[in-house]
Amino acid sequence: MSHDAGGAEILASYVVREGGDWLFVLEGPARKVFTRRLGAVACSSLVDAIEACDEVLTGSSWQSDLEWRAIGAARQAGKRVVTFLDHWVNYRERFIRTGIEHLPDAILVGDHYAKAVASRVFPDIEVMLVMNPYFEDMKHEFSLCYEEVRGGSARRGLRVLFVSEPISEHALLAHGNPRQWGYTEFDAIRYLHGGVTALGGYVESLVIRPHPAEAVGKYDSLIAEMQPLARLGGGMPLIREIMESDVVVGCESMAMAVALIAGRRVVSAIPPGGRPCVLPHREIESLSELVARRDSQASM
């Protein structure tokens, strides 16, 4: 059971590695993810799948209540249900809709950071640490892509990739306030544009890659403001776009963790006044700290 792209990537990798017989209940971005990874898959209705299956595996979504409904239906039918958590934030909120909480029998996580958080948030639920199948697939894909990208066009300066997230939409849906965390994705991109020199060296390009959940054209006017530096990305796979960049910038996107796997420099562009980046990876730099350092050196 899957809707959002992040969870779908992990579940699709998990299914490919595990094999076996599966029934698929897919909606939204998850359909494209599974089709790209497994080819055409036949989808069942939620009711039919719950009735026919022995066990249920779900992702977790903020855009949809599919997984929430699946967990509730599975528990009611006496079927064991396991959820694979794909990020490091908002764990409790993933299982609540209209004030009602549906929790799985067990939770899968792909790293020690997530296990520590999930065990703290859900002390009465079994939390199991497994190899993150999506990250393992990314390591393999990056190794295949390395030689091809290394022989690409010569660079005049840094190529910066911004991996976006629908932060304001998520905040509005969850809290009724698009600025719940003190900033929006537009604030972050503008802050990056204004502070891009703090990355060090001449910046050749700024590519803004929309999140799969974001509407077409969402960033058109913003990119027009930032000419000639900025352009729209997303026309190639995430792996390739990361490999063709020198610095990957975002706020709290899972794509930032993927970029670390690729050996790229990763920076969080959350502007001053915003909630600090909650990603647990120590390698992620803070743009606000880089800007402060640049300004301090300039004043000397």
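**Rings, cores and a helix**

At 11% relative accessibility, F135 counts as buried, because buried means under 20% relative accessible area. This value, like the others here, comes from a predicted model. The neighbour in sequence, Y134, is buried as well, with a relative accessible area of 5%.

Now look at the two rings together. The ring centres of Y134 and F135 lie 6.1 Å apart, and the ring planes meet at 40°. The pair therefore counts as tilted, since planes under 30 degrees apart would be stacked and planes over 60 would be edge-to-face.

How many aromatic pairs does the structure hold? There are 6. F186 and Y219 make up one of them. This pair is tilted too, with 5.4 Å from centre to centre and 50° between the planes. Here the two partners come from distant parts of the chain, 33 residues apart. F186 sits in helix α8. Y219 sits in the loop between β8 (203–209) and α9 (220–225). Are these two residues buried or partly exposed? Y219 is buried, at 2% relative accessible area. F186 has 24% relative accessibility, so it counts as partly exposed. Elsewhere, ring pairs join Y14, W22 and F84 into a cluster.

Next, the nonpolar cores. In soluble globular proteins, nonpolar side chains tend to be buried together. In this model, the largest nonpolar core has 65 residues. Which of its members touch the most other members? They are M1, W88, Y91, Y134, F142 and I242. Y134 thus appears again, this time as a core member. Take M1 as an example. Leaving out residues up to four places away in sequence, M1 touches L11, V25, L46, A49, I50, V56, L57, T58, G59, E67 and A70. Apart from this largest core lies another, of 31 residues. Its members include F162, Y191, A230 and V267.

Last, follow helix α7, which spans residues 167–175. Which of its residues are buried? They are I167, S168 and A171. These three lie on the same side of α7, because they cover an arc of only 95° around the axis. Part of what covers them is α8 (185–194), the helix that holds F186. After α7 comes G176. The phi of G176 is positive, near 75°.

Methods
Residues are numbered from 1 along each chain as its sequence is written. This is a predicted model: local features need pLDDT of at least 70, side-chain atom pairs count only at pLDDT 80 or more; totals for chains, interfaces and linings use all residues. Side-chain values use heavy atoms; hydrogens and water are left out. Buried means under 20% relative accessible area, exposed over 50%, partly exposed in between (1.4 Å probe, protein chains only). Helices (H or I, at least four residues) and strands (E, at least two) are DSSP runs, numbered from the N terminus. The arc is that of the directions from the helix axis to the C-beta atoms. Contact means heavy atoms within 4.5 Å. A nonpolar core is a set of buried Ala, Val, Leu, Ile, Met, Phe, Trp, Tyr and Cys residues joined through side-chain atoms within 4.5 Å. Rings of Phe, Tyr and Trp (its six-membered ring) pair if their centres lie within 6.5 Å; planes under 30 degrees apart count as stacked, over 60 as edge-to-face and the rest as tilted.
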